Amino acid sequence: MFSVKPLKPTFKSYLPPLQTELTKTPQPTINKLEAKLLPGEIVVNEVNFVRKCIGAESSRDDLWGKLICTNFKISFVTHDALPQQKFQYANRLLGEHDVPLACVEQVVTVNDAKGKQKVLGSNQKLKFNPTELIVYCKDFRIVRFRFDEAGPESAKKVCLAIAHYSQPADLQLLFGFEYVGKRHCAPSGDQVNGADRAGGPQTPLFDRTCDWDREIKRTGASEWRVCSVNEGFSVSPSLPEYFVVPVSLADQDLKQYSGFFTAQRIPLWCWNHHNGSALVRMASIRDPAQQRKLDQRICNAVTRSHPKRGDVLKSDLDKSLPSIQDVQAAFVRLRHICVIEPFEESEEKWLSSMESSRWLEYVRAFLKHSAEVVYMLEGKQASVILQEEEDRDLSCVVSSLVQIMLDPHFRSLQGFQSLVQKEWVMAGHRFLDRCNHLKRNDKEEAPLFLLFLDCVWQLMNQYPAAFEFTETYLTVLSDSMWVPVFSTFLFNCARQHTEHSRDFARSKNIPLGRDKALRFPPVWDWSQQFTLKDQALFNSPLYVGKGGPCVQNGAVKSFKRTKKNYSSTLRGMPSLRNGLLGEHDYFPRRSSLVLRLRPDFSQLREAAESPSERFFGDWLSRPPDLQGLLLPQLLPSHLKLWRLYFLRWVPEAQISRGGPITAFHKLSLLADEIETLQRQLRQYKGGAPPSSAPASAPGTPQPEQRRMYFKADTPRDPPSPPDYLSSSFPFSPVGNLCRRSILGTPLSKFLSGAKIWLSTETLASETL
Amino acid sequence: MASASIPAYSSNALENSSTKNASRESLKMEPLSDMPLLPGEERVIDKDIIYICPFSGAVKGKVVITNYRLYFRSVEAEPVVTFDVPLGTISRVEKMGGASSRGENSYGLDITCKDMRNLRFALKQEGHSRRDIFDILFRHAFPLSHGLQLFAFLSQEKFEENGWNVYNPMQEFRRQGLPNDSWRITFLNENYELCDTYPALLAVPFKASDEDLRKVATFRSRGRIPVLSWIHPEKQAVITRCSQPLVGMSGKRNRDDERYLDLIREANGGTSKLTIFDARPNVNAVANKATGGGYEGEDYQNAELVFLDIHNIHVMRESLKKLKDIVYPHVEEAHWLSSLESTHWLEHVKLVLAGAIQVADKVSSGQSVLVHCSDGWDRTAQLTSLSMLMLDSFYRTLHGFQVLLQKEWLGFGHKFGSRIGHGDKNHADADRSPIFLQFIDCVWQMTKQFPTAFEFNDRLLLTVLDHLYSCRFGTFLYNCESARDANEVKTKTVSLWSLVNSDRSSYINPFYTMESSRVLYPVASMRHLELWVGYYIRWNPRIRHQSPVEQRYRELLALKDQYLKKLEELQLSGSAPRLSNSTAPSPASPTQRVTHMHTPF
């Protein structure tokens, strides 16, 4: 907490006093330890008498148990309870100490007696018996196990198994296939672990025409139509079977144009503004000779679909945003400073390290670019075409952010999920490659989706009442990428999903019936992972739903904004121009006032702000309409590190019994009380729902289900926040982040150089 | 721009003034006759002027200067730009440009404020416009340099509450359970003869005689002897404070001082060692020997000395200056985080907080501590008050926080007069330093980390800082209690707490949850410390000021009341609920919930 430096751990300290071991781990219980297996899950290897390290300095709190490698996860089962931990968010697919193999970033084995260590890859040999195993996880956890008392051979086997099975050679070896195959055969196909399904509205998957039809209707995009030209993926391999195009383009045209686009990806409609302007995304045109002509045709078609024949503007994302490699590099640097560098040593340079990771800079760049697109759609009433080489990465981020800013529907839970389904899954974001599930090509790995979630978090942090869901939801959603059973994150595109599940079923002789394919569950069926009670942590007590309570003037605010004359304001904003503020600095140094002043005010004002700046400035000067347009505040001081996500496992950074969650707790109690009152009022009104109920917002699971996780059971006397709350809630750093220095080398150095040593058996052994 | 940001939290907009409702008609009679005026406030001059806004350029308007404020309103621009700045906020006024300069707006006036902004005006050349404004501004902004009175002494404001009654030293000692067997209250300093910068009432070890105290005073810088600030209600461990011992180059010893410190240690039966927290970096403490000061050497048995590495007032002043450079008028965009790092402001905040955590941790583990720096009125005040805030939930209430400021800052002679420079034209004085601002920043950081632990909100902290400079209230005037007594501050001026306590609800944090015995340990790490945007960047029009969460909570509270009322009405009207006969507005029981499964939402 304060700058008392922890003692440098020595290897002696890892050896526990023998007596405590014996008292802590009575033999009989150890034998009963079994892994809890899912359908299709099998044990590959296991080893007993393993110690899971909890603290970096002493082994006092360590847990004894069995380490198991299955085809799905690394499981540690124990009868010991964690010290000082009173809360753990339980996942139905995973035990408290489990790590899915898909979540493994790197496996490191150590023998400290021999002074050897090795980063284990698939199918490798290990020439020493490991005394320690360190698993670096993609979700930022670092988990450590000691084998001092374990059978050396079985320990080695488990380590090798983990390294091997976390790098599957083929997509169909990902656990999801076995799991879904077994579930398909089981009598009650939808039941997992006795999961109770929420009866709420289903998230549209956009794999059917009716989902698109509904979206067209919802946004009033009357000049657009669903086309099925790609049925059976006959035109483009990476586009969905159904998508939306301008009415003026016939199927024949589309087929003809498709050949000129990268990967035959013809332009896709994303969304319509109520003013008629549309958001469209498309890949680049491969043939330079066709470029002009085709551009013209597409533009014409989009213009014709605009009721007022508004302009069409094109935004080249590859030129204006960081590349996926940039994003990946920033992410690696950020992870390094957040969890790998020693806490105290990195304090002094924390801010500049954050800056040089460039993560926040990129978050800001994406938000800013999206806000500019919003200006074109809303302020200039022009349609916008997002163009990217393949239209499968940057456009996913930008198109979803634009829609979140413009359309409150996407700030509801169901709306948000449908947005991810529409702009990411169906549009063919390469989740398989970007997650690097097969660990085949590191160059393809990039946390675009996490970047997007971070951008959403920034908006949520600035306008918390505008979102139906919480940051816990965003975090859990991100973690679900590493549980390889959901259709959402397993595939590069819809076609891959269809083909692989068909092939797998065929090869395993699974009778498919009417479906003709195995159905991987989408992540949106949250009961697979969490109880209904725990899912309540997704619900924000602050949310102002559609027609939500607006107490100040009683008026129900509608989504549509009244048009404003944006030029009528003087409230100037500092320029948003590429961060080059010095250039139009109207606050010159003292002696140079005269020279820098221009005589004419109006000219001066003109020079000070562009129309888009005036648009942003005007919007910022008025109170935000949470059910209307939402723009991010983009001063660098507005962008924050998403602490819950990036620091939740860092014990030193945990604020015990504090953090934003304590205010959230208090709010939840009040929201719950209000819900109860509404329920009682409804009894009087005979079932007529009050129009201004926050709970009547879309996405509420079930009428009898209380929305809030924290409930007001004694409404007159709200209790103090529970002891288990902390800034990491509902996660816990205990046992999930165990840094150490290896052989006197700070861990940070070890990891950053790790790739180089990958092939060498040992590192030059440093004497202890 | 100014109108966009100022109404939220500017010093004048925080309270309702009664003089705002003059009609538009009267504008013709006297320029800006509808501007707010406080009782006792008088207009001195008005002029046509051009405000050079750093965000949107030149704005034509009128300015009025009173004996309390500078008030500006635009005439042509739409929407209207207004701002008003208490003259006490001004730290310097300068002329820029002149006859030899080219251009229309060449007669400039540059005003530097103490609250992180600058104002720039241009005036017409004709009629010595600028000279008039400059002279008047200079006189009234710095009244003490011109033989005039501070506005606090001219104000005729009346409030329901009398803020001077907020703090009664004896009452606060009693609240802490003093005097007791080990500690007594002494009136030795009643006439400020023992130490002129200390309060009249002091709590000292029971076993120390008045004669002992006098002897110790000779060995402590400016007679600021170790006295009690806080005592742990169960463990009896204490926080005591003082100035540095006068060890000097020769390393003098003073057995009275040594014995006195041992008495402090003994007063808490359980403490084997008294921990002395010297707030300074080790080298600074050594350097102080050259000027006769120093630190407790090895002669002090049963004591351990810990240096907390907090830098001095000059370092903090420079740090804040650098911070201003990167946030006003424009926020440094290209290298925001590294620029912020290079100001070291947050790092200093971290060190102060980390020091206070160490103090609090020692005391809550049952060990007594002594805190000092050089004079014991800057860093020492920060450390004792912050650790008391961590240890004692009373100080986290709206009332308790006022007591804390009165006791640890005003009572123990933090030199507000010199640090802020009220009414003094000498802006470059080496005594100026933002020590109190830094403390408020630390408090703000704590409220961020524990959003339910404090009864007061950000607005209170902003109000305190605004009136730290405004000179509208007597609270922060002069350097110590004896000086305030000599100037009859209590009888001739109004206390800031009169304003605050007459409008309590505006300063209440809706999330506050009382937890009486809890010790707060904030995490003093760069991972959690944040720049207080709502203060340091408040003049930037791209900052939204409302706290959305707090506002939403209030809306929900109102909604709840509305529902409760409706429900009551329905119950009175006797219409029985259709499906259940429950009447009490309590959460539905499980059975009730089942009953309503079919109710459409």
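Start with all of chain A and its contact pattern: of the contacts with a separation of 6 or more, 75% are between residues 24 or more positions apart. Keep in mind as you click around that this is a predicted model. Chain A has 27 helices and 14 strands, and 63% of its 768 residues are buried.

**Stop 1: a sheet in chain A**

Select S11, S12, S14 and S13 of chain A, in that order, and you have an open sheet of 4 strands with mixed pairing. Its edges are S11 (268-272) and S13 (312-316) of chain A, each of which pairs on one side only. From one strand to the next, the twist averages 20°.

Now zoom in on S12(A), residues 278-283, and S14(A), residues 383-388: they run parallel and are joined by 5 bridges. To see one of the bridge pairs, pick Met282(A) and look across to Gln387(A) in S14(A).

**Stop 2: Gln458(A)**

Jump to helix H16 of chain A, residues 448-462, and select Gln458(A). Buried or exposed? Gln458(A) counts as buried, because its relative accessibility is 0%, and the cut-off for buried is under 20%. Leaving out residues up to four places away in sequence, show what touches Gln458(A): Leu360(A), Val363(A), Leu367(A), His638(A), Leu639(A) and Lys640(A).

**Stop 3: the nonpolar core**

In soluble globular proteins, nonpolar side chains tend to be buried together. Here the largest nonpolar core holds 283 residues. Which residues have the most contacts inside it? Select Phe416(A), Phe452(A), Phe401(B), Phe436(B) and Tyr536(B).

Stay on Phe452(A) for a moment. Beyond residues up to four places away in sequence, Phe452(A) touches Val397(A), Ser400(A), Leu401(A), Ile404(A), Phe416(A), Val420(A) and Trp424(A).

**Stop 4: the antiparallel sheet of chain B**

Over in chain B, pick out the 7 strands in the order S4-S3-S2-S1-S7-S6-S5, an open sheet with antiparallel pairing. The edge positions go to S4 (82-86) and S5 (90-96) of chain B; each has a single partner strand, so one side of each lacks a neighbour in the sheet. On average, and ignoring direction, neighbouring strands here are turned by 30° against each other.

Within that sheet, S2(B), residues 57-66, and S3(B), residues 69-74, pair antiparallel over 5 bridges. Val64(B) is a good one to label, with Tyr71(B) standing opposite in S3(B). Next add helix H2 of chain B, residues 129-141, which packs on the sheet and touches S1 (43-53), S2, S3, S5, S6 (107-113) and S7 (118-123) of chain B. The direction of H2(B) makes about 160° with that of S5(B).

**Stop 5: strand S11 of chain B**

Select S11(B) and turn on the surroundings: 5 of its 5 residues are buried, so the rest of the structure largely encloses this strand. In a regular strand the side chains alternate between the two faces of the sheet. In S11(B), Val238(B), Thr240(B) and Cys242(B) point one way, while Ile239(B) and Arg241(B) point the other.

What does S11(B) pair with? S10(B), residues 227-231, runs antiparallel to S11(B) and is joined to it by 4 bridges. Look for Trp230(B) opposite Ile239(B). The two strands make a hairpin with 6 residues between them, and Gln236(B) in the turn has a positive phi of about 65°. S14(B) pairs with S11(B) in the parallel sense, also over 4 bridges, and there Thr240(B) stands opposite Leu370(B).

**Stop 6: helix H5 of chain B**

Move on to H5(B), residues 255-267. At 1.5 Å a residue, its 13 residues should span 18 Å, and the end C-alpha atoms are indeed 18 Å apart. At the N-terminal end, Asn254(B) provides the cap, with a side-chain oxygen 2.9 Å from the backbone nitrogen of Asp256(B).

Colour the buried residues of H5(B), among them Tyr260(B), Leu261(B), Leu263(B) and Ile264(B). The buried residues pack against several elements of chain B, including helix H4 (210-219), S11 (238-242) and S12 (274-278).

**Last stop: Ser433(B)**

Finish in the loop between H12 (416-421) and H13 (435-449) of chain B, where you'll find Ser433(B). Ser433(B) counts as buried because its relative accessibility is 5%. Its side chain reaches the backbone oxygen of Ile313(B) at 2.8 Å. Setting aside neighbours within four places in sequence, Ser433(B) is in contact with Ile313(B), Met316(B), Arg317(B) and Arg419(B).

Key: Residues numbered from 1 in each chain as written. Chains lettered and ligands numbered in written order. Predicted model: local features only at pLDDT ≥ 70, side-chain atom pairs only at ≥ 80, totals over all residues. Heavy atoms only, no water. Expected span 1.5 Å × (residues − 1). Buried < 20%, exposed > 50% of the residue type's maximum accessible area, 1.4 Å probe, protein only. Contact = heavy atoms within 4.5 Å. Polar contact = N/O pair within 3.5 Å; in protein donor to acceptor, adjacent residues only side chain to side chain. Pairing = 2+ DSSP bridges. Axes fitted to C-alpha atoms, helices over the stretch in contact; angles between N-to-C directions. Core = buried A, V, L, I, M, F, W, Y, C linked by side-chain atoms within 4.5 Å.
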